[in-house]
Amino acid sequence: MAKTLGITETELKEKVPESNTEIINYHLTKQINFSSVLGIILPPINILLPWLIMKRKNQVNEITKQIVSVQIFYTIIALACILLSPFLSKWFGITKQITLILLIVSVIINLYIIIRNAIELDKNQKLHIRLSFSFL
């Protein structure tokens, strides 16, 4: 095989370090994570802002993809719950303020996700709350 490739046998046996290892800027990754907080008022921003920062700062890696994916998943679940709240109120005779309660709870859950992931990024340079798949 070495002869066919035009190299020596020792060169063939040498381990070549992988050149495609990702260099992750954890400070910038935390900023991308915290940028989701601005989306509490306007939900699409919690997805768009981290994604735009990730692309502009060329910080596309598994961690930042997971940050955006978690926000996409959170937004889908929160939207579904809020859209179903009038029906839940009617079907189960729950208070009419269920929509407001669900909005407040969803904001608290998102804040928890963002803060918990920031703490884990600081301690172990990984995400605590992540998905087993990625939307990106």
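1. Let's start with the aromatic rings: Phe 73, Phe 133 and Phe 135 come together as one aromatic cluster. Keep in mind while you look around that this is a predicted model. In total, the structure holds three aromatic pairs. Take Phe 73 and Phe 133 to begin with: their ring centres are 6.1 Å apart and their planes sit at 80°, so this pair is edge-to-face. An angle over 60 degrees is what earns that label.

2. Now see where those two rings come from. Phe 73 belongs to helix H5, while Phe 133 is in the segment after helix H6 (98–124), so the pair ties together parts that are 60 residues apart in sequence. Phe 133 also pairs with Phe 135: here the centres are 5.4 Å apart and the planes are at 85°, so this pair is edge-to-face too.

3. Are these rings buried or exposed? Phe 73 has 34% relative accessibility, so it counts as partly exposed. Phe 133 is partly exposed, at 38%, and Phe 135 is partly exposed with a relative accessible area of 38%. For reference, partly exposed sits between the 20% and 50% cut-offs.

4. The cluster is also part of a wider surface feature. Phe 73, Phe 133 and Phe 135 are among the members of a nonpolar patch on the surface, along with Leu 48, Trp 51, Leu 52, Ile 76, Ile 77 and Leu 136. Together these residues have about 790 Å² of accessible area. Helices H4 and H5 are the elements that give two or more residues to the patch. One residue to click on is Trp 51, which lies in helix H4. Its relative accessibility is 32%, so Trp 51 counts as partly exposed.

5. Next, go inside. Which residues make up the largest nonpolar core? There are 10 of them: Leu 28, Ile 32, Ile 47, Met 54, Ile 63, Ile 67, Val 68, Ile 72, Leu 121 and Leu 127. Two or more residues each come from helix H3 (26–34), helix H4 (45–56) and helix H5 (62–92). H5 supplies the largest share of this core, with four residues.

6. Ile 67 is a handy core residue to zoom in on. If you skip residues up to four places away in sequence, Ile 67 touches Thr 29, Ile 32, Asn 33, Ser 36 and Leu 127. Two of those names, Ile 32 and Leu 127, should ring a bell from the core list.

7. Have a look at Ser 89 as well, which is found in helix H5. With a relative accessibility of 8%, Ser 89 counts as buried, because the cut-off for that word is under 20%. What does Ser 89 contact, leaving aside its neighbours within four places in sequence? The partners are Ile 94, Thr 95, Lys 96 and Ile 98.

8. Finally, check Gln 125, in the segment after H6. Its relative accessibility is 42%, so Gln 125 counts as partly exposed. Gln 125 and Ile 24 are 101 residues apart in sequence, yet their C-alpha atoms are 9.4 Å apart in space. Leaving aside neighbours within four places in sequence, Gln 125 is in contact with Tyr 26, Ile 63 and Glu 120. Of these partners, Ile 63 is one of the core residues from point 5.

Technical notes: Residues are numbered from 1 along each chain as its sequence is written. This is a predicted model: local features need pLDDT of at least 70, side-chain atom pairs count only at pLDDT 80 or more; totals for chains, interfaces and linings use all residues. Side-chain values use heavy atoms; hydrogens and water are left out. A nonpolar core is a set of buried Ala, Val, Leu, Ile, Met, Phe, Trp, Tyr and Cys residues joined through side-chain atoms within 4.5 Å. Buried means under 20% relative accessible area, exposed over 50%, partly exposed in between (1.4 Å probe, protein chains only). Contact means heavy atoms within 4.5 Å. Patches are made of residues with over 30% relative accessible area and no salt bridge: like charges are joined within 9 Å, nonpolar side chains (Val, Leu, Ile, Met, Phe, Trp, Tyr) within 5 Å. Accessible areas come from the Shrake-Rupley method with a 1.4 Å probe; for residues, only the protein chains shown count as cover. A salt bridge is a side-chain nitrogen of Lys or Arg within 4 Å of a carboxyl oxygen of Asp or Glu. Rings of Phe, Tyr and Trp (its six-membered ring) pair if their centres lie within 6.5 Å; planes under 30 degrees apart count as stacked, over 60 as edge-to-face and the rest as tilted.
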